Amino acid sequence: MESARISTGIPGLDAMLNGGLIPGRTYLVKGAPGTGKTTLAMHFAMAGIANGENVLYVTLEEPADNLRADMTKMGFNLRDPRFTLIDATPAAERYVLVDDFFESFAKNIERMTEAIKQQLRTRHYTRIILDPITMLKLTATKEIEYRRAFLAFIKTMMRMKTTVLLTSELQRTDIEEYLVSGVIELEAFEIDGRLSRGIKITKFRGSGFDGTIRPYEITDRGIVIYNDRVVSLP
Ligand SMILES: Nc1ncnc2c1ncn2[C@@H]1O[C@H](COP(=O)(O)OP(=O)(O)OP(=O)(O)O)[C@@H](O)[C@H]1O
Ligand SMILES: [Mg+2]
């Protein structure tokens, strides 16, 4: 039996995913700086809000005020009471003794899992976004420990029936790619001196998917994916 799907908030991406994401799993969106990871994550968040869900968005590098300003410009309504935005970027003042959210979300993956569990006790979030997880990875001292902690995090989220979207700017193949249920890659190319963008799905456990790189644009209304076209190379 085909499992139920949830929308990413981007019709072209849902089509590429054969209907959408399988809920209760953890997914990774990777791409170079400025490729639209945060925008894609916000579509996913707002699709949850439109569906009557509670959504938790943890921003780890872009300050919440900037994120709010940029995303509001694209027409996203971040004011919905079911949307929670946590700023886990380091405090501007170095002398701040306990930088609460930074300490609990960005210090390491174990602390972050605890902090999220804490949040889930106050409210049942069915979608959680961590944007990006790059820092968490870099703070890990041993790869084996990171892998173990990352898997524990995925299992916890699965038990909580929460769909998680992680973003990462790392370009090489990383451990996370093996551990998550799906990977979406955003790429920028130059064609005839013009910036061109392409999106591809490299992995989607439990489902078929469109394996073609499809062109996309970032517009003043967010990401638009042309899932019926191919990226034209020179
Ligand atoms: N109205 C718009 N029209 C076209 N492009 C836009 C528009 N608004 C923003 N952009 C582009 O979207 C990109 C930023 O998207 P976003 O912040 O989602 O990327 P990101 O991958 O999260 O970046 P970072 O790695 O810096 O976090 C920028 O390259 C910006 O120029
Ligand atoms: Mg971003």
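**Sheet, flanking helices and ligand shell**

Thr59 has Asp131 of strand E4 as its bridge partner. In this predicted model, that pair belongs to the pairing of strand E2 (residues 55-59) with strand E4 (residues 127-131), two parallel strands joined by 5 bridges.

The wider setting of these two strands is an open sheet of 9 strands with mixed pairing, ordered E3-E2-E4-E5-E1-E6-E7-E8-E9. At its edges stand strand E3 (83-87) and strand E9 (222-225); each has a single partner strand, so one side of each is left without a neighbour in the sheet. From one strand to the next, the twist averages 20°.

Helices lie against the part of the sheet that holds E2, E3 and E4. Helix H3 (residues 64-73) packs on the sheet through E2 and E3, and its direction makes about 135° with that of E3. Helix H5 (residues 109-122) lies across E2, E3 and E4 and runs at about 145° to E4.

Two local backbone features deserve attention. The peptide bond from Asp131 to Pro132 is cis, with omega near -10°. Asp131 is also the residue that partners Thr59 in the E2-E4 pairing, while Pro132 is found in the loop between E4 and helix H6 (134-139). The second feature is at Lys161, which is not a glycine yet has a positive phi of about 55°. Lys161 is found in the loop that links helix H7 (143-159) to strand E5 (163-168).

The remaining subject is the ligand. Ligand 1 is surrounded by 13 residues, of which the closest are Gly36, Lys37, Thr38, Thr39 and Ile218. By residue class, this shell divides into 4 nonpolar, 6 polar and 3 charged. Polar contacts are made by both side chain and backbone. In the side chain of Thr39, an N or O atom is 2.5 Å from an oxygen atom of ligand 1. A backbone N or O atom of Thr35 lies 3.2 Å from a ligand oxygen atom, and a polar backbone atom of Asp220 is 3.4 Å from a nitrogen atom of the ligand. Ligand 1 exposes 650 Å² when taken alone, and the protein buries 59% of that area. Two elements give two or more residues to the shell, namely helix H2 (37-50) and strand E8 (214-219). Of these, H2 provides the largest share, with 3 residues. Strand E8 ties the ligand shell back to the sheet, where E8 stands between E7 and E9 in the strand order.

Definitions and conventions
Residues numbered from 1 in each chain as written. Chains lettered and ligands numbered in written order. Predicted model: local features only at pLDDT ≥ 70, side-chain atom pairs only at ≥ 80, totals over all residues. Heavy atoms only, no water. Near = heavy atom within 4 Å. Polar contact = N/O pair within 3.5 Å; in protein donor to acceptor, adjacent residues only side chain to side chain. Areas by Shrake-Rupley, 256 points an atom, 1.4 Å probe, with all protein chains shown as cover. Helix = DSSP H or I, 4+ residues; strand = E, 2+ residues; numbered from the N terminus. Nonpolar A, V, L, I, M, F, W, Y, C, P; charged D, E, K, R; others polar. Pairing = 2+ DSSP bridges. Axes fitted to C-alpha atoms, helices over the stretch in contact; angles between N-to-C directions. Contact = heavy atoms within 4.5 Å.
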